[in-house]
Amino acid sequence: MKLKYKDFEFTVNPDSIEFTSSTNCKSKSVFGSNSVCENISVNPVVVTGGGAFYGDKGAEHCAVLQNMLKSHQSGWLFIPSFPPIKAFFTEFKFSKSSRKNAVSYTFKFTEDCDDRNPVKKITYTFALKNENAFEIANRCNACVDDIMRLNDLKSPFDIAEGDKVVFG
């Protein structure tokens, strides 16, 4: 399989393809404890790479890609050995080498996140003195079953004062 974006298929796969995935975390100080880092969002996947077009058609391929870059609409990016992603074509650079009869290029695609499910915000509280899962559920308007499952509790009474209790 060759790299393909929308209806443009690369004649030869790029020499390199790199994926960058990242998240944004928010750090909070917790009194009497360590800081807590909470994942607040997932950044779009960025796919970069580069290669060369050889022969007389190299400049023509670059012109087609340059026009695709200007479209400002996302499309399907098919990458060898990876699942396809819907992405925007966000950067394209190329240079011609007359000695090699080649056009070298680099590219950047950025995932279109419109269809991606957002990261669910995790809600938590700290257990008060002598509090159990039933009382925390009542205080936080949460479900006892969720508290048990999310905190891997064997009993609703397996909570100590100051424990971080996730409930939603």
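How many bridges join β7 to β8, and which way do the two strands run? Hi everyone, let's start there. Three bridges join them, and the strands run antiparallel. Please keep in mind that this is a predicted model.

Let me put names on that pairing. Gly75 stands opposite Ala87 in β8, and Trp76 stands opposite Lys86 in β8. The hairpin of β7 and β8 has six residues between the strands, and Ser81 there takes a positive phi near 70°. Ser81 is not a glycine. It is also exposed, with a relative accessible area of 74%.

Now follow β8 onward. Ten bridges join β8 to β9, again with an antiparallel run. One of the partner pairs is Ser97 with Ala102 in β9. These two strands form a hairpin too, with four residues between them, and Asn101 in the turn has a positive phi of about 50°.

Let's step back to the whole sheet. It is an open sheet of seven strands, in the order β2-β1-β7-β8-β9-β6-β3, with antiparallel pairing. Because β2 (8-9) and β3 (16-20) stand at the edges with a single partner strand each, one side of each is left without a neighbour in the sheet. As a reminder, strands of a sheet pair through backbone hydrogen bonds.

Then there is the helix. α1 lies across β1 (4-5), β2, β6 (46-54), β8 and β9, and runs at about 140° to β8. Between α1 (58-69) and β7 (75-78) comes a loop that holds His72. His72 has a positive phi of about 60° and, like Ser81, is not a glycine. With a relative accessible area of 67%, His72 is exposed.

I've saved my favourite residue for the end: Asp112. You'll find Asp112 in the loop between β9 (102-111) and β10 (124-126). Is Asp112 buried or exposed? Asp112 is buried, yet has no salt bridge. The nearest side chain of opposite charge is Lys86, 4.4 Å away, and a salt bridge would need the nitrogen and the carboxyl oxygen within 4 Å.

So what does the side chain of Asp112 make a polar contact with? The partner is the side chain of Ser74, at 2.6 Å. Leaving out residues up to four places away in sequence, Asp112 touches Ser74, Lys86, Ala87 and Phe88. Two of those names came up earlier: Lys86 stands opposite Trp76, and Ala87 stands opposite Gly75. That brings us back to the β7 and β8 pairing, with its three bridges. Thanks, everyone!

Technical notes
Residues are numbered from 1 along each chain as its sequence is written. This is a predicted model: local features need pLDDT of at least 70, side-chain atom pairs count only at pLDDT 80 or more; totals for chains, interfaces and linings use all residues. Side-chain values use heavy atoms; hydrogens and water are left out. Buried means under 20% relative accessible area, exposed over 50%, partly exposed in between (1.4 Å probe, protein chains only). Lys and Arg count as positive and Asp and Glu as negative; His and the chain ends are not counted. A polar contact is a pair of N or O atoms within 3.5 Å; within protein, one must be able to donate a hydrogen and the other to accept it, and residues adjacent in sequence count only if both atoms are side-chain atoms. Contact means heavy atoms within 4.5 Å. Two strands pair if DSSP finds at least two bridges between them. Axes are lines fitted to C-alpha atoms, for helices over the stretch in contact, and angles run from 0 to 180 degrees between N-to-C directions.
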